[in-house]
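Work through the exercises below with the coordinates open beside you, and try each task before reading its solution.

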Amino acid sequence: MTVEHYWAPRSLPDALEHLRGGEVTILAGGTDLMPQTHAGRVTLKRGLLNVRRVPELQRIERVDGAVRIGALCTITELLRDPLVRERFGILAEACDHFASDQLRNAATIGGNVCNASPAGDTLAPLLVLDAEAELASKPNGTVKTRRVPLAAFFLGPGKTARRPDELLCALRIPLPPEGFVGRFYKFGTRPALDISAISIGIGGVRDGLALRHARLAYGAVAPVPMRATKAEAVLEGTTLDAAGIARVASAARDEVRPIDDIRASAWYRKELVFNMTRRMLDDVAQA
Ligand SMILES: Cc1cc2nc3c(=O)[nH]c(=O)nc-3n(C[C@H](O)[C@H](O)[C@H](O)COP(=O)(O)OP(=O)(O)OC[C@H]3O[C@@H](n4cnc5c(N)ncnc54)[C@H](O)[C@@H]3O)c2cc1C
């Protein structure tokens, strides 16, 4: 289908107005959309909606015990933001492993989330941080918003709970409690400019040699970026000595569901999950 309409609105209500009819492709940084279109994997719809000029999607702000990160914030902006660096170090760490400077200047966090690749680098950290997707629509002339926990947002590769008339406006992340520690790990076949073969996010609140409110999230080991809830239950309160760490790492290896592809075999991914989860927990225990 050829694009018949191109819009670049300057306000959220205007952007949502264009989404009302469905049949619209949303364009942010274009770093996923353009290569996918050129490769024939995505066909642009009748309307192309460039949301880059919508100011409501560009802010990072504190709101009632949480931080709202606008969907249009680029990876570079996240890396430079003092609040993100100070309170969401695990997310900043993922941004620091993301592609190249050129890509980081264009790629948005909203695009990373809505592209819904199981390998998206910000996704495991966002799951660890209990982020919610804030979605807006304008069904009958007034702007309506709803929030969906990110753990329920991803439905399959490239598929999310976002309706066609909705725009992702922001990621809302509760401020982590005192004593929160987070760690991110990404493995790719090359050290730079590579999509993850696996990624891991670990988080929790230090309680002696254990973690409370434990979170374990994995990328590129299932059809969606996933929380490993069974392994989390093992991690919760477990003393992080060698035996405890090995129990958690094996529970994680049993829970992930990787496939063979050009980046790694399923077997290798499982071994990486085991070994790297163990190494990361060891690091948490020694911090
Ligand atoms: C060379 C190269 C290297 C890369 N390296 C990495 C990497 O290391 N790590 C990584 O995670 N990714 C990587 N990517 C993928 C890509 O850069 C990211 O996923 C990026 O965050 C996408 O953001 P974008 O703003 O460019 O999204 P776009 O390409 O503009 O959009 C992506 C998808 O999200 C939808 N969308 C965008 N914004 C919204 C919104 N606000 N509401 C609803 N839907 C929306 C679009 O319609 C589209 O379907 C790489 C890509 C390339 C080409």
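Two strands are said to pair if DSSP finds at least two bridges between them, and helices (H or I, at least four residues) and strands (E, at least two) are DSSP runs that are numbered from the N terminus. The model is a predicted one, in which local features need pLDDT of at least 70 and side-chain atom pairs count only at pLDDT 80 or more, while totals for chains, interfaces and linings use all residues. Residues are numbered from 1 along each chain as its sequence is written, and side-chain values use heavy atoms, with hydrogens and water left out.

**Exercise 1. Parallel partners of β3**

Task: Determine how many bridges join β1 to β3, how many join β2 to β3, and which way the residues of β3 point.

Solution: Begin with β1 (residues 5–7), which runs parallel to β3 and is joined to it by three bridges; within this pairing, Trp-7 stands opposite Leu-49 of β3. Next take β2, which is likewise parallel to β3 and is joined to it by four bridges, with Leu-27 standing opposite Asn-50 of β3. Then follow the side chains along β3 (residues 47–50): Gly-47 and Leu-49 point one way, Leu-48 and Asn-50 point the other way, and all are buried. Here buried means under 20% relative accessible area, exposed means over 50%, and partly exposed lies in between (1.4 Å probe, protein chains only).

Finally, consider the connection, in which β2, helix α2 (residues 33–38) and β3 make a right-handed β-α-β unit. A crossover is right-handed if, with the strands pointing away from the viewer, the path from the first strand over the helix to the second runs clockwise.

**Exercise 2. The hairpin of β4 and β5**

Task: Establish in which sense β4 and β5 pair, and which residue of their hairpin takes a positive phi.

Solution: Strand β4 (residues 60–63) pairs with strand β5 (residues 66–70) in the antiparallel sense, over four bridges. One position to inspect is Ile-60, which stands opposite Ile-69 in β5. The hairpin has two residues between the strands, and Asp-64 takes a positive phi near 30° there.

**Exercise 3. The shell around the ligand**

Task: Describe which residues and elements surround the ligand, and then find which atoms of Gly-30, Thr-31 and Ala-99 lie 2.8 Å, 2.6 Å and 3.0 Å from its oxygen atoms.

Solution: Count the shell to begin with: 26 residues surround the ligand, the closest being Ile-26, Thr-31, Asp-32, Thr-108 and Asp-121, where a residue is near a molecule if one of its heavy atoms lies within 4 Å of it. By class, the shell divides into 13 nonpolar, eight polar and five charged residues; Ala, Val, Leu, Ile, Met, Phe, Trp, Tyr, Cys and Pro count as nonpolar, Asp, Glu, Lys and Arg as charged, and the others, Gly among them, as polar.

By element, β2 (24–27), α7 (109–115) and β10 (167–174) each supply at least two residues of the shell, and α7 gives the most, with four residues.

For the distances, a polar side-chain atom of Thr-31 lies 2.6 Å from an oxygen atom of the ligand. A backbone N or O atom of Gly-30 lies 2.8 Å from an oxygen atom of the ligand, and for a backbone N or O atom of Ala-99 the distance to an oxygen atom of the ligand is 3.0 Å. Taken alone the ligand exposes 990 Å², and the protein buries 87% of that; accessible areas come from the Shrake-Rupley method with a 1.4 Å probe, and for residues only the protein chains shown count as cover.

**Exercise 4. Positive phi and burial**

Task: Decide whether Ala-116 is buried or exposed, and whether His-213 is buried or exposed.

Solution: Most residues other than glycine have a negative phi, and most peptide bonds are trans. Ala-116, although not a glycine, has a positive phi of about 55°; its place is the loop between α7 and α8 (123–128), and it is buried because its relative accessible area is 1%. His-213, also not a glycine, has a positive phi of about 50° and lies in strand β13 (residues 210–219), where it counts as exposed because its relative accessible area is 55%.**Exercise 5. A further residue of β13**

Task: Find how far apart Leu-216 and Val-248 are in sequence and in space.

Solution: Leu-216 is found in strand β13 and is buried, with a relative accessible area of 0%. Leu-216 and Val-248 are 32 residues apart in sequence, and their C-alpha atoms are 9.8 Å apart in space.

Key
Polar contact = N/O pair within 3.5 Å; in protein donor to acceptor, adjacent residues only side chain to side chain.
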